[in-house]
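Grab a pencil and let's work through a few exercises together. Each one sets a task and then walks through a solution.

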Amino acid sequence: MLSRTSLKLLFAFALLLTITACRSVPKSTLDGPVTRTLTDDAGRRVSLPFKVDRVISLAPNLTEIVFAVGGGAQLVGRTSYCDFPPEAKSVAEVSDTLHPSLERVIALKPQVVLISTASQLEVFTQQLQNQNIAVFVTDPHDLDGVFRSIEQVGEILGKKEQAATLVQTLRRRVNAVEQAVKQEQPVRVFYQLSAEPLYTAGRGSFVTDLMRRAGAISVTADLPGDWPKYSSESALAARPDAIILPTGGSMGSGNSAVTEALRQSPAALQGRVYKINDDHLVRPGPRAIDGLEEMARALHPDAFK
Amino acid sequence: MSAPARQNRVTLRKTVISCVLLAVTLLLAVVLMSLVGSEPLPVRASLCALASFGSTTCGLTPDQFDILFQIRLPRILLAAAVGGSLATAGAGYQALLRNPLAEPYLLGISNGAAVGTMIALVFFGANEWTRPLFAFTGALLATLAVYRLARGRAGATPERLILAGVIVTTFLSSVIVFVTTLMDATRIRSFTFWLLGDLSGTTKTMLPVAITIAVAGALTLTLNARSLNLLMLGERDAFDLGVEVGRVRIVVFLVASLLVGSSVAASGSVGYVGLVVPHLARLSLGSDNRISIPAAALGGAVFVIVADTLARTVIAPRELPVGAITALIGAPLFIYLLKRA
């Protein structure tokens with residue numbers, strides 16, 4: 001009776017699974033007791049060890065923040081997109097942002113994993129928590145959110161002072177830009193994230209805030225979502241005075257041409273198309289301030305003479 | 001006058017009448033849907049400008065004129081070409097394979113074309129002209145694979161064909177996943193949108209290719225419609241009645257693959273068009289391919305124009321992929337058709 005035998009086997013296997021499942025209660029990788037909790041941008045209360053010296057970053061902006069607050073030595077894993085600062089490249093890779101290798105992450109024995117694309121990594125987050133690895137989510141929607149990320153990462157890594165100093169310096173640069181463009185007439189800009197299909201920055205994107213501070217008004221500032229797909233005819237009808245193309249960084253030569261619909265638009269014909277390093281505009285980290293300065297200088301050259 | 005000759009004449013008249021009616025509907029769809037979009041345009045001035053084929057602005061501002069003639073109209077014409085191509089290809093497959101469920105999307109042929117296009121883009125940096133060639137090759141290979149797999153010892157039963165389609169579809173889907181992972185992150189997003197069927201990337205260079213292939217393909221299959229009618233009796237009987245079965249099969253495979261290839265290269269995999277439209281054509285006009293193939297071609301054009309108008313207006317100024325709309329309309333309609341049959 002093959003079927004009965006296989007049924008028995010199946011039952012035995014199921015039993016074995018249950019037993020091992022019960023036995024594999026996650027072994028704590030933490031040294032000492034959990035001494036603090038922090039609330040992350042997803043509203044989760046995250047328990048963290050007091051001293052963190054092994055952290056993995058699953059987003060290029062977080063890797064940049066870790067290094068900028070002086071925590072580079074604590075970084076034990078990063079994604080394939082984390083290419084800045086150059087030192088980051090010597091840190092072990094755990095695949096890309098959306099498909100991190102769980103095995104490799106666990107093998108690196110991190111105490112904390114920093115992530116930014118929380119909604120797409122729910123299952124992954126759960127698996128890490130089962131392994132007693134803390135997951136901290138950052139999700140900035142404006143420049144203040146970026147500063148908060150820097151302070152949070154600083155606090156996690158025990159680099160609170162460095163983070164505070166960094167934020168202070170960055171804020172000063174932001175203020176300088178805002179002062180410079182204060183008297184200028186705001187420029188109505190269209191932010192072209194990609195040409196085909198046409199994607200732009202919406203209400204929830206931190207770039208929309210960045211543009212506002214650079215003395216610009218994004219024509220898509222009220223569009224729901226972070227990076228919505230946008231209608232070509234609406235882009236044309238919005239009559240932007242200028243077009244911003246994030247390109248030249250990780251994008252390479254991608255997105256370096258204005259979308260066909262806007263090629264005959266006043267902004268394009270008057271040469272008011274500005275290419276800004278995409279790494280400074282799509283990564284909500286310290287270099288976003290570089291992006292802010294670059295945008296402001298491009299849009300209001302007179303204000304920076 | 002002999003009876004068959006009279007019947008032929010009746011068929012011809014029926015074909016001409018239904019095609020003229022559908023062509024008028026298509027023209028109406030092109031004009032009316034040109035008036036709808038995320039940006040409101042003045043109706044009277046737009047109609048006037050359309051009637052003059054863009055030679056006068058009729059008081060439209062330069063922006064409005066550009067929206068109408070540079071963005072909206074090309075997209076609508078491409079939608080027509082894609083819809084016509086897919087519906088014709090579907091009608092062709094259904095007649096040749098004697099299977100009402102044969103459809104480029106469900107048989108994995110669209111996926112074949114998608115893989116071809118992706119390989120063209122990722123490894124060869126192909127442009128608007130070479131992309132359809134790669135897509136055509138992919139579609140043709142997928143068609144041959146499905147056809148081979150479907151032919152069992154007992155011949156190609158409808159069930160076997162669909163199973164073969166499922167296998168080819170899933171296999172090619174994993175190839176697509178594989179190629180996407182090789183792509184850099186900045187392009188993945190646009191590809192996922194394209195894979196669902198998207199017409200927003202319409203460029204004017206695509207249009208002449210897509211329209212030429214759609215028209216030539218529909219004409220070729222219509223000219224072979226008599227043979228396809230006889231083929232529906234079974235390949236043996238058709239052969240005995242003087243149909244060059246081998247030649248017709250090659251023609252339909254090549255033409256249908258070219259049609260699917262060009263539409264996928266232009267707009268990704270827009271599903272269900274090749275299923276729903278030929279079905280509706282046969283339901284309303286009968287199963288004579290001389291009528292149903294040209295009717296499907298025109299009807300498919302109307303169907304995708306309307307679906308894409310929904311895609312670009314329901315959440316305007318944001319957009320949906322048109323493939324989501326055709327599937328939303330197509331799948332329930334198909335279930336209804338199945339239950340009625």
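**Exercise 1. Find the partner of A:Arg283 in a salt bridge, then say where both residues sit.**

Step 1: look at the side chain of A:Arg283, which meets that of A:Glu64 in a salt bridge at 2.7 Å, N to O. The term stands for a side-chain nitrogen of Lys or Arg within 4 Å of a carboxyl oxygen of Asp or Glu.

Step 2: place the two residues. A:Arg283 lies in the loop between helix H10 (278-282) and helix H11 (288-299) of chain A, while A:Glu64 belongs to helix H2 (residues 60-68) of chain A. The pair is 219 residues apart and links distant parts of the chain. Helices (H or I, at least four residues) and strands (E, at least two) are DSSP runs, numbered from the N terminus.

Step 3: widen the view. Over all chains, the rule gives 27 salt bridges.

Some ground rules before going on: this is a predicted model, where local features need pLDDT of at least 70 and side-chain atom pairs count only at pLDDT 80 or more, while totals for chains, interfaces and linings use all residues. Residues are numbered from 1 along each chain as its sequence is written, chains are lettered from A and ligands numbered from 1 in the order in which they are written, and side-chain values use heavy atoms, with hydrogens and water left out.

**Exercise 2. Work out the strand order of the open sheet that holds S5 of chain A, and name its edges.**

Step 1: trace the four strands, which come in the order S4-S3-S5-S6 with parallel pairing. Two strands pair if DSSP finds at least two bridges between them.

Step 2: check the edges. Strand S4 (75-77) and strand S6 (134-137) of chain A each have a single partner strand, so one side of each has no neighbour in the sheet.

Step 3: zoom in on one pair. Strand S5 (residues 112-115) of chain A is joined to S6(A) by four bridges, and A:Val113 stands opposite A:Val135 in S6(A).

**Exercise 3. Do likewise for the open sheet of chain A that contains S7.**

Step 1: read off the order, S8-S7-S9-S10, again with parallel pairing.

Step 2: the edges are strand S8 (216-218) and strand S10 (273-276) of chain A; each has a single partner strand, so one side of each is left without a neighbour in the sheet.

Step 3: look inside the sheet. S7(A) pairs with strand S9 (residues 242-246) of chain A over three bridges, and A:Phe190 has A:Ile243 in S9(A) as its bridge partner.

**Exercise 4. Describe where chain A meets chain B.**

Step 1: count the residues in contact (heavy atoms within 4.5 Å). Chain A brings 21 residues and chain B brings 25 residues.

Step 2: look for salt bridges. There are five between chain A and chain B; one of them joins A:Glu233 and B:Arg312 at 3.9 Å, N to O.

Step 3: sort the residues on the side of chain A that touches chain B: 12 nonpolar, four polar and five charged. Here Ala, Val, Leu, Ile, Met, Phe, Trp, Tyr, Cys and Pro count as nonpolar, Asp, Glu, Lys and Arg as charged, and the others, Gly among them, as polar.

**Exercise 5. Locate a cis peptide bond in chain A and one in chain B.**

Step 1: in chain A, such a bond joins A:Glu196 and A:Pro197, with omega about 0°. A:Pro197 is in the loop between strand S7 (187-191) and helix H7 (206-213) of chain A.

Step 2: in chain B, a cis peptide bond joins B:Ala316 and B:Pro317, with omega about 5°.
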